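Please look through the sequence and the fold before reading on, since the explanation refers to individual side chains and their surroundings.

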Amino acid sequence: MQHTPEAGKAPRKPTPAELEVVGLVPLLEPFYRGAVVRELMPAPLREAMETHGLTPRHGAVLPQLLAGQPLTVSEIARRLQVSLPTASDLVGGLSRAGIVERAEDPANRRRVLVSLAEEFRPPLETFIVRRTEPLLRALDGLSADERAGFLAGLTAWVREVQR
């Protein structure tokens with residue numbers, strides 16, 4: 001998704017302090033390369049993702065389900081800040097791969113609840129631990145206020161990128 005300036009407004013030039021932040025972003029890119037992600041992913045999860053042509057967008061659904069509480073497709077869409085059809089497509093791909101299960105909500109038969117397939121819980125937990133280790137070490141070195149600022153900044157950035 002390409003960032004476009006607001007109509008009639010020229011893009012804002014970053015300040016020197018902002019350039020310092022902008023300069024750090026490319027240093028994270030290697031951590032998100034496919035080869036690095038595949039290397040950290042346990043074989044059962046990696047094979048299911050690759051066999052079914054699933055993408056990182058599909059993978060973004062999985063941590064939402066790790067807590068064990070089934071979610072509706074609408075809740076997944078809201079959490080990922082994507083449209084309902086997009087969330088439905090993502091869940092459909094994961095369901096075809098057997099990574100998630102869909103079930104009728106006993107409280108409301110029109111709703112579908114999505115949960116992580118139990119056989120994929122251990123590999124996903126292992127993957128999440130491996131992927132989050134550097135971030136958790138970094139967060140350990142921050143005060144509560146710094147963590148709150150970090151979260152606020154990342155949330156705002158995600159919102160802007162997804163617009």
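What follows moves from the overall fold to an aromatic pair, then to salt bridges, a surface patch and two distances along the chain.

The coordinates belong to a predicted model, and every value discussed here is computed from that model. The protein has nine helices and three strands, and from the N terminus on its elements run α-α-α-α-α-β-α-α-β-β-α-α. Along its principal axes the C-alpha trace spans about 55 × 40 × 35 Å, and of the 163 residues, 25% count as buried. According to UniProt, in an unreviewed entry, the feature "domain: HTH marR-type" is placed at residues 24–159. Over residues 24–159 the chain is 63% helix and 12% strand, with the end C-alpha atoms 19 Å apart.

The aromatic side chains offer a convenient place to begin with local detail. A search of the whole structure finds one aromatic pair. This pair is formed by phenylalanine 31 and tyrosine 32, whose rings are edge-to-face, with 5.3 Å from centre to centre and 90° between the planes. The planes count as edge-to-face because the cut-off for that class is an angle over 60 degrees, and the angle in this pair is 90°. The two partners can also be described by their accessibility: phenylalanine 31 is partly exposed, with a relative accessible area of 25%, whereas tyrosine 32 counts as exposed at 57%.

Phenylalanine 31 has a further contact, this time with a charged group. The charged end of arginine 131 sits over the ring of phenylalanine 31, at 3.9 Å from the ring centre. Arginine 131 lies in helix H8 and is buried, with a relative accessible area of 13%. The cut-off for buried is a relative accessible area under 20%, so the 13% of arginine 131 places this arginine in the buried class. Another relation of arginine 131 concerns the backbone: its C-alpha atom and that of methionine 41 are separated by 8.7 Å, although the two residues are 90 residues apart along the chain.

Helix H8 also carries a salt bridge, which leads on to the charged pairs. How many salt bridges does the structure hold? There are eight salt bridges in the structure, and three of them are described here, including one within helix H8, where the side chains of glutamate 133 and arginine 137 meet at 3.4 Å, N to O. Glutamate 133 and arginine 137 are four residues apart in helix H8 (residues 121–140), so they are separated by about one helical turn. In this pair, glutamate 133 is partly exposed, with a relative accessible area of 44%, while arginine 137 is exposed, with a relative accessible area of 52%.

Another salt bridge joins two helices. The side chains of arginine 38 and glutamate 50 meet at 3.7 Å, N to O. Arginine 38 lies in helix H2 (residues 34–40) and glutamate 50 in helix H3 (residues 43–51), so the pair ties together parts that are 12 residues apart in sequence. Both ends of this bridge count as partly exposed, arginine 38 at 39% relative accessibility and glutamate 50 at 46%. A further salt bridge is made where the side chains of glutamate 104 and arginine 109 meet at 3.4 Å, N to O. Here glutamate 104 counts as partly exposed at 48% relative accessibility, and arginine 109 is exposed, with a relative accessible area of 65%.

Helix H3, which holds glutamate 50, also contains methionine 49. Methionine 49 counts as buried at 9% relative accessibility, whereas glutamate 50 counts as partly exposed. The C-alpha atoms of methionine 49 and leucine 24, which are 25 residues apart along the chain, are separated by 30 Å.

The last feature is on the surface and is nonpolar. Val25, Leu135, Leu142, Phe150, Leu154, Trp157 and Val161 make a nonpolar surface patch of about 560 Å². Which helix gives the most to the nonpolar patch? Helix H9 (residues 144–162) does, with four residues. Valine 161, one of the residues of the patch, is found in helix H9 and counts as partly exposed at 44% relative accessibility.

Conventions
Residues are numbered from 1 along each chain as its sequence is written. This is a predicted model: local features need pLDDT of at least 70, side-chain atom pairs count only at pLDDT 80 or more; totals for chains, interfaces and linings use all residues. Side-chain values use heavy atoms; hydrogens and water are left out. Rings of Phe, Tyr and Trp (its six-membered ring) pair if their centres lie within 6.5 Å; planes under 30 degrees apart count as stacked, over 60 as edge-to-face and the rest as tilted. Buried means under 20% relative accessible area, exposed over 50%, partly exposed in between (1.4 Å probe, protein chains only). A charge sits over a ring if NZ of Lys or CZ of Arg is within 6 Å of the ring centre and within 35 degrees of the ring normal. Patches are made of residues with over 30% relative accessible area and no salt bridge: like charges are joined within 9 Å, nonpolar side chains (Val, Leu, Ile, Met, Phe, Trp, Tyr) within 5 Å. Accessible areas come from the Shrake-Rupley method with a 1.4 Å probe; for residues, only the protein chains shown count as cover. A salt bridge is a side-chain nitrogen of Lys or Arg within 4 Å of a carboxyl oxygen of Asp or Glu. UniProt positions are given in the numbering used here, feature names are shortened, and annotations may be inferred rather than shown by experiment.
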